[in-house]
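Visitor: I should like to take a close look at a single part of this structure and then see how the rest is arranged around it. Please guide me through it step by step.

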Amino acid sequence: MSAAIAGLGITELGKVYGRSPRRFAADAVRLAADDAGLRLDELDGLLVSHGLGGSPGIELAETLGLRDLRLLTAMNAFGATAGAMISYAAQSIASGAATAVACVFSDAPLQPRQSSGSAYHRDAREWYGFGGMTAALGLRSVNAFYALAAQRHMARYGTTSEQLGAIAVSTRQWASRNPLAQMRDPITLDDHQNSRWVAEPLHLLDCCLVSNGAVAVVVTSADRAAALAQPPVHVWGWGQGHPGHRKERGSAFGLSTGAAISGPAAMKMAGVTVADIDVCQLYDCYTYTVLVSLEDYGFCGKGEGGAFAASGALAPGGALPTNTGGGQLSGYYMWGMTPLSEAVIQARGHGGDRQVDRRDVLLVSGNGGILDHHSTLIVSPHRKGA
Amino acid sequence: MDIGILRRDGRTDAFFDGTAAERLMIRHCAECDVHLAPDATSCPGCGDEDPGWARASGDASLVSWTVTHGRPAEDGTVPEPALLALVELDEGPWLYTRLAVARAALREGLPLTAAYVHPDEGESYLLFTERGSVG
C-alpha cells in the first residue's frame, strides 16, 4: 500500500512571537488535518521534530488531545528529519501499523528585539576544555563551519562567490512570487557581493533566515488520499545518507555530501533517474549546500555546481526550477519542512504565480548537522507506476 | 587578541599541560595505534572511552579556512575579524584552530606549525603559523 501526503499545515512564519514551539506545532497539525479534510481524531500516528530548543516532544499528542494512537515518536536527524519522518510514516502506512500519520516540525528560536544571527550564536567570557578553546578562538557559529566547507570546495574546484550569488539571486526571484516568503524584494548579484561578510567566503546573502513557526503534513494511503480534500502527493521513494566524515586525513568534508548516498537510493526506489526530475527543493541553509547537493545528485559533474548554478537553470524559466518558494534563504527556515512544504504545494499545482509547468517528479532534499546527515524524497502528483 | 579566559574541564589536563610547555598533545589509542583529536571521546576502532595521550609533532597542513566577521554593534563598530581554519596534523587528525598567517599565503596544503600563546590569566592555547616563516 503506497503512501501519499494528503494534508499540509503551515502556521504564521517568521518574526512571530508569543507562541511556544509546542503551540506552533499543535496549530500546524490542526491546520494539516483540516487541509486534508480529516478530523483530528482520525489521526492514528504522530511524528514530532523540534528545533535546537528541544521542544516539543511526544507530549504534543496530549496537547492535541489525541487518543489511542498507534504510532508516536520524536525523531531527530537535524535537517534530514523531515525526510526521515515521511519515510517512517510511509512504511507505517504500508505495513498497516498506522493509517493517518501527522508529521510536524516546530521551532521558535527568535525573540523580540534580538537579531536572527544571535538566535544561533554563543558568547562567553570563560571557556572550558578543548571545545571551549576552539570556541574561544572564534569557531562558535554554524556559519563558520559551513564557511570552511564552502571554502574547501572553492579551493579544490574553483567555485566562486559569484556562482554562490547566482543561487541567492535565483532563489529570491522565486521568493518574490511566494506570498509565504519572508524576503520578497528582488536582489542582484551586486547586492549579494556587497552584502556584509558573515564568514568568508559566505556573505550575509549566502545564509538562510531564522524563523519561528511550524509546518505539518498528514501522510495516509494513496487510496484514502484520493478520497480526501486535496490532490494527493504520492511518495515514490526515499533515502538517507550519513557519510560519517571523520575529521581526519582523507575526509571528503566540504567536497561531497550524503546526497551522493541518499539520492541514488531514493531515485532507485522511485524508479527514476536525475533526467526525470522536473523540480528540486533543496535544503539551502547556505547557497553552498544547494551547489554541492546538485553535484552529489548528479545534475552536473563534481566540481561543476558553480557553473551549473550560474547558468540560470535554477531560476524561473530555467531547465531545473529549484527552491521555487524561496527556500530557506528567502522563504522561511523550517528545517527540512521548508523544501517539503514547497514540494507539496508545487505537486498539487497550487503554486500560483510561481507554479512550474512540469511537475511530474519532484525531488526533496534534507541536510543536517554540518553536512553530516542527508535525506532525499521523490514525490509526484501521480501514482507510482501509473 | 582577546579571546576570553580558558579553563580546564577535567578531560583535558594533558592537553593544557602540553600547551603550557609548548607541546601539542593529542589522543593516541595504544590498542589500535591510531592518533585521535584531543577532544576525541572514544576510539572508533575499539571503543576505548579514555584513549591515552601522545605528543604530536605540531606540524600540519591547511585543509580549509574562513575569516569570520562579527555582527556590527549598534554604534557601527565591528569586531576584529578572525582567521580560522581546519588543519590536518601530520599524524592524521584534523583540528579546528586559528591561524596567524598572511591572507595572501592561504592555500590548500600550506605547511603549518603550532605556536603557543600564554595569556596572563587562564590556560595557554595554540595557533598555527606558516612553517618555515620567520617570527
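Visitor: In which loop of chain A is the place of Arg140(A)?

Guide: Please bear in mind that the model is predicted. Arg140(A) sits in the loop that links α4 (129-136) to α5 (142-157) of chain A. Is Arg140(A) buried or exposed? A residue counts as buried when 20 or more other C-beta atoms lie within 10 Å of its own. Arg140(A) has 21 other C-beta atoms within 10 Å, and therefore it is buried. For a sense of distance within the chain, one may take Gln355(A), which lies 215 residues from Arg140(A) in sequence. In space, the C-alpha atoms of Arg140(A) and Gln355(A) are 39 Å apart.

The two helices that flank this loop lead us to the contact with chain B. Both α4 and α5 of chain A give two or more residues to the side of chain A that touches chain B, as do β5 (126-128) and β6 (197-200) of chain A. In total, 34 residues from chain A and 33 residues from chain B take part in this contact. On the side belonging to chain A, the residues are 15 nonpolar, ten polar and nine charged.

One of the elements just named, β5(A), also pairs with a strand of the other chain. Its partner is β1 (residues 5-7) of chain B; the two strands run parallel and are joined by three bridges. Within this pairing, Trp127(A) is found opposite Leu6(B), a residue of β1(B). Strands of a sheet pair through backbone hydrogen bonds, and the pairing may be parallel or antiparallel.

Chain B also shows the antiparallel arrangement. In an open sheet of three strands, the order is β3-β2-β4 of chain B, and the pairing is antiparallel. The edge strands of that sheet are β3 (34-36) and β4 (52-56) of chain B, each of which pairs on one side only. From one strand to the next, the twist averages 50 degrees. Strand β2 (residues 24-29) of chain B runs antiparallel to β3(B), to which three bridges join it. Here two histidines face each other, with His28(B) opposite His35(B) in β3(B).

Chain B as a whole may now be described. It contains one helix and nine strands, and along the sequence these follow the pattern β-α-β-β-β-β-β-β-β-β. Its C-alpha trace spans about 55 × 30 × 25 Å along the principal axes. Of its 135 residues, 37% count as buried. Among contacts in chain B between residues at least 6 apart in sequence, 48% join residues at least 24 apart.

Let us return to chain A and its domains. The domain assignment gives domain 1 (3-110 + 211-220) and domain 2 (141-209 + 235-386) of chain A. The centres of these two domains, taken over C-alpha atoms, are separated by 23 Å. Their contact takes 24 residues from domain 1 of chain A and 27 residues from domain 2 of chain A. On the side of domain 1 that touches domain 2, β1 (3-10), α3 (81-95) and β8 (213-221) of chain A each supply at least two residues. The largest share of that side, seven residues, is provided by α3(A). By class, the residues of this side of domain 1 are 16 nonpolar and eight polar, with no charged residues.

Technical notes
Residues numbered from 1 in each chain as written. Chains lettered and ligands numbered in written order. Predicted model: local features only at pLDDT ≥ 70, side-chain atom pairs only at ≥ 80, totals over all residues. Domains from an automatic or database assignment. Contact = placed C-beta atoms within 7 Å. Helix = DSSP H or I, 4+ residues; strand = E, 2+ residues; numbered from the N terminus. Nonpolar A, V, L, I, M, F, W, Y, C, P; charged D, E, K, R; others polar. Buried ≥ 20, exposed ≤ 12 C-beta atoms within 10 Å, placed from the backbone. Pairing = 2+ DSSP bridges. Axes fitted to C-alpha atoms, helices over the stretch in contact; angles between N-to-C directions.
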